[in-house]
Amino acid sequence: SSIFELPLSQLSHGSGTHYKLPQNKVTVVLGAQWGDEGKGKVVDLLAMDADIVCRCQGGNNAGHTVVVDSVEYDFHLLPSGVLNKKAVSFIGNGVVIHLPGLFEEAEKNLHKGKGLHGWEERLKISDRAHIVFNFHQAVDGIQEQQRQQQEGKNLGTTKKGIGPAYSSKAARNGLRVCDLVSDFKVFEDKFRMLAEHFLTMYPNLKVDIDSELNQLKEYAERLRPLVTDGVYFMHKALTGPSKKILVEGANAALLDIDFGTYPFVTSSNCTVGGVCTGLGVPPSHVGRVYGVVKAYTTRVGVGAFPTEQNNDVGDLLQSKGREFGVTTGRRRRCGWLDLILVRYAHMVNGFSAIALTKLDILDTLPEIKVAVAYKVDGKPLPSFPANMDVLTRVSVDYETLPGWCCSTEAARSLEELPQQAQNYIRFIENFLQVPVKWVGVGKSRESMIKLF
């Protein structure tokens with residue numbers, strides 16, 4: 001009999017020892033479109049009874065809004081689960097950390113309400129996480145300027161230094177948290193070399209090396225109690241006593257560096273593979289993967305957007321949905337729900353179920369369109385195209401569904417939703433062949449209707 005047919009529990013050592021099956025699995029929440037799907041709300045809901053909440057990639061280019069007790073918190077680097085005082089929040093090695101950004105974010109949210117009190121007692125940071133320096137952020141701005149001058153189009157980055165920091169990581173001259181909290185003299189020498197490297201590449205760059213080093217020395221002391229060996233931390237969590245472990249993805253599938261609408265993407269893997277590499281979690285420990293899908297589609301910045309509506313519908317979605325970037329304040333482009341795009345995200349991530357958010361934004365529309373097929377030059381496209389020049393040329397086939405023309409905001413169960421809204425949900429499920437587990441009809445966590 002082939003080894004591939006044996007269940008793991010039957011594989012034994014020559015001595016007859018039986019190996020343990022993986023004990024705890026991580027539950028993952030990922031964006032299934034171009035970001036801004038409302039992941040923070042879903043994470044906040046699940047984090048209420050989680051023991052550990054993790055961030056695995058991205059940096060403070062992410063923006064998650066969470067409303068608790070009528071207080072609106074904005075998170076960029078901190079996991080949204082930090083509001084749960086019983087949970088440990090963990091920033092994994094795949095995250096790039098801008099330290100001034102981290103501490104400023106904590107300060108701002110502390111002033112908003114009691115939710116963040118004691119955050120430093122419940123936050124752990126991987127010693128293998130790379131650091132975003134101020135000059136990375138300055139370089140991000142210079143690069144955008146150069147793209148605009150050379151090609152007449154930028155990438156629409158958040159200018160938070162994320163791309164340049166991941167570039168340093170790939171070029172193997174980046175600096176990590178473990179460098180900062182060990183011998184500072186050694187760190188200082190490496191920092192000066194890295195700064196000089198960027199100054200050589202960008203003569204217009206202004207870097208106050210000594211000032212930034214003084215700032216970093218102070219941050220090193222604040223950071224030291226939070227730093228842990230992330231691999232060992234996750235291993236203990238996964239193989240020890242029963243724990244609920246939640247992973248919060250930042251950005252989204254179509255912004256993934258490999259699978260997104262390249263080059264208009266972020267610099268990390270925001271699909272499910274980033275969970276393993278960004279936390280040091282073996283694939284056998286990945287459990288349920290929830291895709292967060294907005295009931296329509298939005299996109300920040302430039303790049304192809306087949307279902308974009310530059311008309312009254314787009315304006316209505318934008319204003320009613322308050323579609324402005326949490327990180328940048330930029331107005332989001334809006335359009336109909338694109339199920340070709342979401343199906344592609346499902347191919348890459350293998351969603352166990354979907355959280356459908358912001359259904360209430362469609363309440364006043366007499367009819368609602370959903371993208372179900374792409375064509376180029378009249379020929380159907382069998383899959384989501386890799387080439388962005390092709391994606392800008394697609395024509396979209398829509399299915400038109402009747403709207404419900406009444407408010408859904410008071411609904412707290414599927415049965416309380418209008419029949420047409422229920423039909424909209426069922427249409428999405430049937431097309432994707434993935435169940436919808438939650439439906440969001442408002443801003444608070446109470447407005448997330450659980451369907452099963």
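In the predicted model, Thr-328 is found in the loop that runs between helix H10 and strand S13, and with a relative accessible area of 31% this residue is partly exposed. Val-326 occupies the loop between helix H10, which spans residues 312-320, and strand S13, which spans residues 333-335. The relative accessible area of Val-326 is 26%, and because the buried class is confined to values under 20%, Val-326 is likewise assigned to the partly exposed class. Both residues belong to a stretch that the unreviewed UniProt entry annotates as a "binding site", a feature placed at Val-326, Thr-327, Thr-328, Gly-329, Arg-330, Arg-331 and Arg-332. When residues up to four places away in sequence are set aside, Val-326 touches Gly-63, His-64, Thr-65, Asp-74, His-76 and Arg-332; of these contacts, Arg-332 is itself among the positions carrying the UniProt annotation.

His-64 also appears in the surroundings of Ser-80, a residue whose contacts, again without those up to four places away in sequence, are Gly-40, Val-43, His-64, Val-66, Phe-75 and Glu-248. Ser-80 is placed in the loop that links strand S4 (71-75) to strand S5 (88-91). With a relative accessibility of 1%, Ser-80 counts as buried, since that class covers values under 20%. Lys-379, by contrast, is exposed, with a relative accessible area of 60%, and is located in strand S17, which comprises residues 379-380. Along the chain, Lys-379 and Ser-395 are 16 residues apart, and their C-alpha atoms are separated by 9.6 Å.

In soluble globular proteins, nonpolar side chains tend to be buried together. In the present model, the largest nonpolar core contains 73 residues, and those with the most contacts inside this core are Val-26, Met-234, Leu-279, Leu-359, Leu-362, Leu-417 and Tyr-424. Helix H11, formed by residues 339-349, gives the most to this core, contributing six residues. A second core, separate from the largest one, consists of 46 residues, including Ile-91, Ala-106, Val-177 and Leu-194.

The surroundings of Val-26 can be described in further detail. Leaving out residues up to four places away in sequence, Val-26 touches Met-234, Leu-238, Ile-245, Val-247, Val-275, Val-281, His-285, Val-286, Gly-287 and Arg-288. Among these contacts, Met-234 is, like Val-26, one of the residues with the most contacts inside the largest nonpolar core.

Definitions and conventions. Residues are numbered from 1 along each chain as its sequence is written. This is a predicted model: local features need pLDDT of at least 70, side-chain atom pairs count only at pLDDT 80 or more; totals for chains, interfaces and linings use all residues. Side-chain values use heavy atoms; hydrogens and water are left out. Helices (H or I, at least four residues) and strands (E, at least two) are DSSP runs, numbered from the N terminus. Buried means under 20% relative accessible area, exposed over 50%, partly exposed in between (1.4 Å probe, protein chains only). Contact means heavy atoms within 4.5 Å. UniProt positions are given in the numbering used here, feature names are shortened, and annotations may be inferred rather than shown by experiment. A nonpolar core is a set of buried Ala, Val, Leu, Ile, Met, Phe, Trp, Tyr and Cys residues joined through side-chain atoms within 4.5 Å.
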